[in-house]
Amino acid sequence: MSLIIGHARTAAARLLRRSPASILLRRDSPEAPALGRRPVRRMGTARVGESVSTAYEECSDQVLDFPGGKVSFIPEMRFLSESLGERIGCYRVLDDNGQTVSGSTFHEVSKEVAMKMYRHMVTLQVMDTILYEAQRQGRISFYVTSTGEEAINIASAAALSNEDLVFPQYREPGVLLWRGFTLQEIANQCFGNKEDYGKGRQMPIHYGSKKLNYFTVSSPIGTQLPQAVGAAYSLKMDGKNACAVTYFGDGGTSQGDFHAALNFAAVMEAPVIFFCRNNGWAISTPTTEQFRSDGVVIRGQAYGIRSIRVDGNDALAVYSAIHAAREMAVGETRPILVEALTYRVGHHSTSDDSTKYRPIDEIEHWKSARDPISRYRKWIQRNGWWCDAAESELRNSVRKELLQAIQVAERVQKPPLEELFKDVYDVVPSNLKEQEKLLLQSVKKHPGDYPADVPV
Amino acid sequence: MERDPTVCVIGEDVGHYGGSYKVTKGLATKFGDLRVLDTPIAENSFTGMGIGAAMTGLRPVIEGMNMGFLLLAFNQISNNCGMLHYTSGGQFTIPVVIRGPGGVGRQLGAEHSQRLESYFQSIPGLQLVACSTPYNAKGLMKAAIRSENPVVLFEHVLLYNLKEKIPDEEYVLCLEEAEMVRPGDQITILTYSRMRYHVMQAAKTLVNKGYDPEVIDIRSLKPFDLYTIGNSIKKTHRVLIVEECMRTGGIGASLRSAIIDNFWDYLDAEIMCLSSQDVPTPYAGTLEEWTVVQPAQIVSAVEQLCKKT
């Protein structure tokens, strides 16, 4: 029986609201309500024949209802300004001297977690320096540094749980390091040897680890955003105590996938954290040429998404923000947008020389005066947890470990030729078997052209 | 969807509306609107969503309202869907089914008459199948859902209303297998999707004229079932390919190459291929009709090929 829509003033029409938010339908029993946790608020859906709009009551002079809800109307023509005038404030806990700003609220970290964070930030910094050099020396073909974004990498990872699914762009290896990816595994991927989990099929820095819930890096910008929403959808169906997290840069927010992913996540009420690393540059495009909005945080509200802007070089602020974001994403099954302001100290990649499009003293300023690691270090030293001796010991040991890992990785065999045809499908199909056969014949016929140290 | 709780449907208007061609009718009522998910209009993005969901353990069936719209999803399909299993070293699987109605309909205009099999066939990592009857549509859909690989299932706008008696028992067809529609001795006609019906219509005329065509619905567009096709060619020595996609870079082009590579010695005549012309599909009825291969043309082609000794 379809309910009437129209100017009816009957009680029935007044009762005609959006169908009550239906309880999450668990995938194993369509009728049973969500177990354990309180019912997840679902997008209300309409039955065929029902109206999703509210009952048409008497329209007052000030209010009119259209699809989407009631709006009050105004007689003067007023355009919303293109900007709020004042920029959205940025959440910060530590000042440049590593002292907590008075009046700041943040999630306390234990000494153990705080120190683990610091050690990993240093590890990331040392790793970037050495592997960048390795590329310059021709030992690896390509590298991307995260210099200047160590706090973003490590502090955000620290605030997540290991069950949270991470969909990275490519400047977030710190998240992997936090979860236990070793320097040897990093080196193996960069050298593309047979120990690489990707089996030498991707460029350096395109890490992926199923066991650490870190989805393989894919070069196109922004493709990971809707995938993260899909993963969040999956988590929601399972009612898991985990969220999806996806990282992207300021440039990535111009992609169509950014828009649709945020829109979907909001409509679907998906537990996903959208983490934007606004580091000021998309290769050579500064943010002034990327968008005209007040950064990225301002867009969250346009999609109906709760958002926050945070100082990306402040480890404690990033930690607290992500901690809170995660709680909301999982507990309230909603997406959250986090914009972390920072600066890309390094070049876009080893294929870029950023001094060509930005002043060297700007880079130097951010490298030294605004370095997230030194700032955080001042805080831990002030707490009496760290000293100079420990600093040099840490840096030396990381350096040593990484150099060792590089030496080992360089010597490990490259993947054999047969890996060319595997994993295209679950099983190698006949046409690929045939192509493999032809290739092997060719290699046999021209042994001089095939490297002796690569197995077949 | 009953058998496996990880199977879900993602697409525009697939839920309460039941899908633009009613393929998902009734599913939302039965399985809930989370498992049959209505999405906003962003094909690239809901395809991306499906890929992300698949990497996390679900088995999404992604619907393009019309196949042509999936061109918007080409980035996700080519750069991620076909690739991530490979580039992740086998760590992540993407068991999605991407499906939708395609092909030339009745005056739907160029943008709604696309044949994407030509564009997709090159993407490594994908499997392509085209269904043509209620029986093989069900069997192939089940097989596609159960496959660990991403499968693109091509349906045809004009074939949704076909009725056929199909078995009550559960059956699953093989994704890589072609279907023998009419065994014969004289000439092998290879076709798929809607053109199967034009071929069978031509076959009636041909039989009346005394010919004995063997009609094979190749079904699997990537990879080709060269076993069935080869056996046929070894018997008849003549091949005619009838397809609906455009001539340039079409399925027929690849099929011809594969036949030449593998069965050259068995051919008594050149391989003929009838395809649509390389034009966008016009709206005007007669023009549209003549962009698609007609039974009369098939009959002529067979007669021509069979003349050669």
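How much area is buried between chain B and chain A? I get about 4200 Å², with carbon and sulfur atoms giving 62% of it. Buried area here is the accessible area (1.4 Å probe) that two parts lose on being put together, summed over both.

**Ground rules**

I am working on a predicted model, where local features need pLDDT of at least 70 and side-chain atom pairs count only at pLDDT 80 or more, while totals for chains, interfaces and linings use all residues. I number residues from 1 along each chain as its sequence is written, letter chains from A and number ligands from 1 in the order in which they are written, and use heavy atoms for side-chain values, leaving out hydrogens and water.

**Entry: chain B against chain A**

I looked up who touches whom, with contact meaning heavy atoms within 4.5 Å. On this rule 49 residues of chain B are in contact with 51 residues of chain A. I then searched the interface of chain B and chain A for salt bridges and found 0. The rule asks for a side-chain nitrogen of Lys or Arg within 4 Å of a carboxyl oxygen of Asp or Glu.

Polar contacts do turn up: I count 17 residue pairs between chain B and chain A, both residues at pLDDT 80 or more. A polar contact is a pair of N or O atoms within 3.5 Å; within protein, one must be able to donate a hydrogen and the other to accept it, and residues adjacent in sequence count only if both atoms are side-chain atoms.

Which elements give two or more residues to the side of chain B that touches chain A? I noted strand E1 (7-11), helix H1 (27-31), helix H2 (43-55), helix H3 (74-81) and helix H4 (84-87) of chain B. H2(B) gives the most, with 9 residues. Helices (H or I, at least four residues) and strands (E, at least two) are DSSP runs, numbered from the N terminus.

By class, I find 21 nonpolar, 23 polar and 5 charged residues on that side of chain B. Nonpolar covers Ala, Val, Leu, Ile, Met, Phe, Trp, Tyr, Cys and Pro; charged covers Asp, Glu, Lys and Arg; the others, Gly among them, count as polar.

**Entry: the two domains of chain B**

Next I split chain B into domain 1 (7-156) and domain 2 (179-306), with bounds from an automatic or database domain assignment. Taken over C-alpha atoms, the centres of the two domains are 27 Å apart. Their contact takes 28 residues from domain 1 and 27 residues from domain 2.

Between them the two domains of chain B bury about 2200 Å², 48% of it on carbon and sulfur atoms. Gln107(B), Arg115(B) and Gln121(B) supply 28% of the area that domain 1 buries against domain 2, more than any other three residues.

I found 0 salt bridges across this domain interface, but 21 residue pairs in polar contact, both at pLDDT 80 or more. On the side of domain 1 that touches domain 2, the elements giving two or more residues are helix H5 (117-120), strand E5 (127-130), helix H6 (134-146) and strand E6 (151-156) of chain B. E5(B) gives the most, with 4 residues. I sorted that side of domain 1 into 12 nonpolar, 13 polar and 3 charged residues.

**Entry: salt bridges elsewhere**

Over all chains I count 38 salt bridges. I picked out Asp423(A) with Arg201(A), whose closest N and O atoms are 2.8 Å apart. Asp423(A) lies in the loop between helix H12 (388-411) and helix H13 (430-445) of chain A, and Arg201(A) in the loop between helix H5 (183-191) and helix H6 (224-238) of chain A, so the pair ties together parts that are 222 residues apart in sequence.

**Entry: backbone oddities**

Where is Pro223(B)? I place Pro223(B) in the loop between strand E10 (220-222) and helix H8 (226-236) of chain B, and the peptide bond from Lys222(B) to Pro223(B) is cis, with omega near 0°.

His237(B) has a positive phi of about 65° without being a glycine; I find His237(B) in the loop between H8 and strand E11 (239-246) of chain B. Asn213(A), also not a glycine, has phi near 55° and lies in the loop between H5 and H6 of chain A.
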